[in-house]
Amino acid sequence: MAAEHSVGFEPADRLAEDRESVRRRFWRKLKRVVAHLPVAEDLLAAYYCAFDRQTPRHVQASLLGAIAYFILPFDFIPDVMPVLGFTDDAAVLATAIRMVAGHITSEHRDAARAALKRGVDEAEE
């Protein structure tokens, strides 16, 4: 995965290489924090794009790296800090989304909105 472009993010890079672990841990963390995330829809759209078989591999790698950073229990600003805890996660996610925005389709965004509407517990599949 694009490790040469992610100096300092080695734990996220290693985690991103294990797609099933990213999938399981993503839903677990999202369930815990979804009420506090202003970027929940973008995060879910990125998730659906990352696991879409039509998404190019380099785009999947970028998004999986950002999602892996989100689910890691340790990062630059610990997630347990109210409000501030997710600012670094949101920044990493926003950067990844900006880099690959053309690959996040309306179908990914529709799936994200639908998952939020029906509740995250039911969205995990």
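**Surroundings of T55 and the nonpolar core**

When neighbours within four places in sequence are left aside, T55 is in contact with C49, Q60 and H108. In this predicted model, T55 is placed in the loop that lies between α3 (40-50) and α4 (57-71). Its relative accessibility is 6%, and T55 therefore counts as buried, the limit for that class being under 20%. A polar atom of the T55 side chain lies 2.7 Å from the backbone oxygen of C49, so that C49 appears both as a contact of T55 and, through its backbone oxygen, as the partner at this distance.

The protein chain as a whole contains 7 helices and 0 strands, and its pattern along the sequence reads α-α-α-α-α-α-α. Among the contacts in the chain with a separation of 6 or more, 63% join residues that are 24 or more positions apart. Of the 125 residues, 42% count as buried, while the chain exposes about 7100 Å², of which 57% is supplied by carbon and sulfur atoms.

In soluble globular proteins, nonpolar side chains tend to be buried together. The largest nonpolar core of the chain comprises 27 residues, of which F26, L44, Y47, Y48, L63 and I67 touch the most other members. Two or more residues are given to this core by each of α2 (19-33), α3, α4, α5 (87-100) and α6 (106-118). For L63, the residues touched, not counting those up to four places away in sequence, are A46, C49, A50, A96 and V100; C49 is thus listed among the contacts of L63 as well as among those of T55.

Notes. Residues numbered from 1 in each chain as written. Predicted model: local features only at pLDDT ≥ 70, side-chain atom pairs only at ≥ 80, totals over all residues. Heavy atoms only, no water. Helix = DSSP H or I, 4+ residues; strand = E, 2+ residues; numbered from the N terminus. Buried < 20%, exposed > 50% of the residue type's maximum accessible area, 1.4 Å probe, protein only. Contact = heavy atoms within 4.5 Å. Areas by Shrake-Rupley, 256 points an atom, 1.4 Å probe, with all protein chains shown as cover. Polar contact = N/O pair within 3.5 Å; in protein donor to acceptor, adjacent residues only side chain to side chain. Core = buried A, V, L, I, M, F, W, Y, C linked by side-chain atoms within 4.5 Å.
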